[in-house]
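Hi everyone, thanks for coming. I'd like to walk you through one protein chain, so have a look at it first and then we'll go through it piece by piece.

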Amino acid sequence: MISGIILTFKTLGVILSYMVQAAIQFPYALIHRHTYRALLSPNEPPKNIVVIGASFAGFFAAKELLQTVPSGYRVVVVEKNSHFQFTWAFPRFCVLSGYEGRAFIPVRDGLKGYAPPHAFRWVTGCVERIIPDEKTNGGSGGEGKIVLTSGESIEYAYLIVATGATATLPSRVGKNDKAEGIAELQRVQERIGQAETIAVLGGGAAGVELAADIKSYRPEKEVTLIHSRGSLLNTYGEKLQQAAFDELTKLGVHICLGERVQLAEGQTEGEIQLKDEAVSFDYIVKCVGQSPNSQVISALSPSSVSPSGHIRTRPTLQIADMDFHNIFAAGDILDGIPLKNGRAACEQGQLVARNVVRDIQGRAMLQYHQRWWEGMTKMTLGLKKGVFTINDGVAEACIFFKGLPLDMGSHHIWSTLGVKPSEEFQ
Ligand SMILES: Cc1cc2nc3c(=O)[nH]c(=O)nc-3n(C[C@H](O)[C@H](O)[C@H](O)COP(=O)(O)OP(=O)(O)OC[C@H]3O[C@@H](n4cnc5c(N)ncnc54)[C@H](O)[C@@H]3O)c2cc1C
């Protein structure tokens, strides 16, 4: 009881501190916009701070930089997708049609809006390699260039790697282009529509949300959620685990726990061998196994990548290898971070941006320590119900709500990214 009250006050404190921070930042950003100069002298081109990836971590790193970047530097964002892909909505849009376009946000326009003149360049492309500059690496230097699959190379003074992870739907769409992404979502909708029996593999957030959405939108389907652990959502608190279990059971989802299933390569239907029986399904959806996109760092500095493929960093979020002072990482790609979500990625992106600016200014860098409130999560439990969960390690609160919009409140995320909701919302 007492710990619950303390948690409520702590949460209100966090919300208040966010509001104060935003209010303080606004005038600073305004002054910066009018005082920033890309060129320090006519013969000296601006140095590039390159951000690879413009999802949660990369976007918030770039936004922070655009509002604080010292004169003489500019921000270059390289992103392989045509649009920001709103992952949180993918489980829902795998089930419900008509909203798919809202999950693809033209984030380049949002960043442009934060940028002083000449401070920003957007490049749509995939980074293949990092080539460090021999002369400046080691010691306090560390500049270099990145090479894209197109062959273009871009020099960097600082580099932020925010390349996240790859997976298949319902976790990631696996396509670079908006039209292809929409087609991929519609392909899954069609498979779900045609199947009478559906197995959802993986009882993490994506699996729970997908199973609940299918069963609440299409109650006639037989939906089985299969999870390898003893409880659903095993990385979250016990109250949330129980709430998800109860709600899915109420919806009529069969839940199989402690079942580690092996699928044949590319298998999306047919038989699954459980401990006690083999069961056949018309459609099998995998909600497990995201692989980190760390190839550019593993090729440059194998010791900076863990066996799981995540990037090892120092507390300042510079990569672990001391030879590379100017390379940072943020977001889901990081190794050793217990809570991986959009909020944490945004915090890490902002911290990395601040550290780049501090380093340019000769100030000591900040250290990243994950805080409990980065784990605040909103999760849907079917079309009509959801739960907001907070856990400070001592107490856990689950607040249930009804009536979340069918499109998962997509317009909020568009506004958060500084993009005006488009014709997708008409
Ligand atoms: C189904 C689902 C639901 C979720 N729901 C929530 C939620 O409710 N709340 C929450 O806080 N979090 C949620 N998350 C987690 C959240 O989406 C991730 O933590 C977040 O997306 C991580 O952001 P990121 O920027 O680190 O990486 P990513 O989102 O993976 O983005 C990486 C970016 O880098 C780009 N990239 C990769 N390699 C290259 C390259 N070589 N060159 C150029 N670009 C490259 C990619 O195209 C991509 O845009 C959810 C995740 C999933 C899958």
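Let me start with a term we'll need: a salt bridge is a side-chain nitrogen of Lys or Arg within 4 Å of a carboxyl oxygen of Asp or Glu. Keep that in your head for later. Also, please remember that what you're looking at is a predicted model.

Okay, the overall layout. The domain assignment splits the protein chain into domain 1, which is 2–168 + 291–374, and domain 2, which is 187–289 + 375–417. How far apart do the C-alpha centres of domain 1 and domain 2 lie? That's 30 Å. On the contact itself, domain 1 puts in 41 residues and domain 2 puts in 33 residues.

Now, how do people put a size on something like that? Often they quote the accessible area that is lost when the parts come together. Here, domain 1 and domain 2 bury about 3,000 Å² between them, and carbon and sulfur atoms give 65% of that. Three residues to look for are Leu-7, Arg-92 and Val-95: together they supply 24% of the area that domain 1 buries against domain 2, more than any other three residues.

Back to our term. How many salt bridges are there between domain 1 and domain 2? The count is 3. Arg-92, which we just met, has its side chain in a salt bridge with the side chain of Asp-213, at 2.7 Å from N to O. On top of that, we count 12 residue pairs in polar contact between domain 1 and domain 2, with both residues at pLDDT 80 or more. If you want to find the side of domain 1 that touches domain 2, several elements supply at least two residues each, among them helix H2 (56–68), helix H3 (90–93) and helix H4 (107–114). Helix H1 gives the most, with 6 residues.

Last stop, the sheet. Picture an open sheet of 5 strands, in the order E5-E2-E1-E9-E18, with parallel pairing. Strand E5 (120–124) and strand E18 (327–329) are the edges, so to speak: each of them pairs on one side only. From one strand to the next, the twist averages 20 degrees.

Let's zoom in on one pair. Strand E1, residues 47–52, runs parallel to strand E2, residues 73–79, and they pair over 6 bridges. Who stands opposite Ile-49 in E2? That's Val-75.

And what lies across E1, E2, E9 and E18? Helix H9, residues 342–360, running at about 170 degrees to strand E9 (158–161).

That's my tour, thanks for listening!

Notes:
Residues are numbered from 1 along each chain as its sequence is written. This is a predicted model: local features need pLDDT of at least 70, side-chain atom pairs count only at pLDDT 80 or more; totals for chains, interfaces and linings use all residues. Side-chain values use heavy atoms; hydrogens and water are left out. Two strands pair if DSSP finds at least two bridges between them. Helices (H or I, at least four residues) and strands (E, at least two) are DSSP runs, numbered from the N terminus. Axes are lines fitted to C-alpha atoms, for helices over the stretch in contact, and angles run from 0 to 180 degrees between N-to-C directions. Contact means heavy atoms within 4.5 Å. Domain bounds come from an automatic or database domain assignment. Buried area is the accessible area (1.4 Å probe) that two parts lose on being put together, summed over both. A polar contact is a pair of N or O atoms within 3.5 Å; within protein, one must be able to donate a hydrogen and the other to accept it, and residues adjacent in sequence count only if both atoms are side-chain atoms.
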